[in-house]
Amino acid sequence: MNIRFILQDLIRKVPDFPVLGVLFCDITTRIGNREAYHQSIHQLAEQVRKLGSLTIIAATDARS
């Protein structure tokens, strides 16, 4: 089985949260799995390496 599908299965989906029409994706189930967390970080790092030299990285924070 492809690791990407396994990692996707570890994201809990909560429909209509926090409001109707929003699909909340909870990654705590992935973070709680040591191997899945490690693999997620590894995949993210590989994608960033493909971009070449970066000088700035911006990210959003989903917390309220």
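**Exercise 1. Find out how accessible Arg12 is, and describe its salt bridge partner.**

Solution. Arg12 has a relative accessible area of 46% and is therefore partly exposed, where buried means under 20% relative accessible area, exposed over 50%, and partly exposed in between (1.4 Å probe, protein chains only). These values come from a predicted model, in which local features need pLDDT of at least 70 and side-chain atom pairs count only at pLDDT 80 or more, while totals for chains, interfaces and linings use all residues. Residues are numbered from 1 along each chain as its sequence is written, and side-chain values use heavy atoms, with hydrogens and water left out.

The next step is the partner: the side chains of Arg12 and Asp26 meet in a salt bridge at 2.8 Å, N to O, the term standing for a side-chain nitrogen of Lys or Arg within 4 Å of a carboxyl oxygen of Asp or Glu. Because Arg12 belongs to strand β1 (residues 12-15) and Asp26 to strand β2 (residues 23-26), the pair ties together parts that are 14 residues apart in sequence. Asp26, with a relative accessible area of 9%, is buried.

**Exercise 2. Determine how many salt bridges the protein has, and describe the one formed by Arg49.**

Solution. The count comes to two salt bridges. Arg49 meets the side chain of Glu46 at 2.6 Å, N to O, and both residues lie in helix α3, three residues apart, which is about one turn of the helix. Arg49 counts as exposed at 55% relative accessibility, whereas Glu46 is partly exposed with a relative accessible area of 32%.

**Exercise 3. Describe the surroundings of Arg30.**

Solution. Begin with the location: Arg30 lies in helix α2 (residues 28-31). Arg30 is buried yet has no salt bridge, and the nearest side chain of opposite charge, Asp9, is 8.7 Å away; here Lys and Arg count as positive and Asp and Glu as negative, while His and the chain ends are not counted.

Then look at what Arg30 does reach: its side chain comes to 2.9 Å from the backbone oxygen of Leu7. With neighbours within four places in sequence left aside, the residues in contact with Arg30 (heavy atoms within 4.5 Å) include Leu10, Ile11, Ala36 and Tyr37.

**Exercise 4. Check the length of helix α3 and describe what lies at its start and just after it.**

Solution. Helices (H or I, at least four residues) and strands (E, at least two) are DSSP runs, numbered from the N terminus. The expected span of a helix is 1.5 Å times one less than its number of residues, so the 17 residues of helix α3 (residues 34-50) should span 24 Å, and the 25 Å between its end C-alpha atoms agrees with this.

At the start of α3, a side-chain oxygen of Asn33 comes within 3.2 Å of the backbone nitrogen of Glu35. Just after α3, Gly52 takes a positive phi of about 90°.

**Exercise 5. Describe the protein as a whole, from its order of elements to its radius of gyration.**

Solution. The protein has three helices and two strands, which follow the pattern α-β-β-α-α along the sequence. Its radius of gyration is 14 Å, whereas a compact globule of 64 residues would have one near 11 Å; the radius is taken over C-alpha atoms, and the globule rule is 2.2 Å times the number of residues to the power 0.38. The C-alpha atoms fill a box of roughly 40 × 30 × 20 Å, taken along the principal axes, and 9% of the 64 residues count as buried.

Conventions. A polar contact is a pair of N or O atoms within 3.5 Å; within protein, one must be able to donate a hydrogen and the other to accept it, and residues adjacent in sequence count only if both atoms are side-chain atoms.
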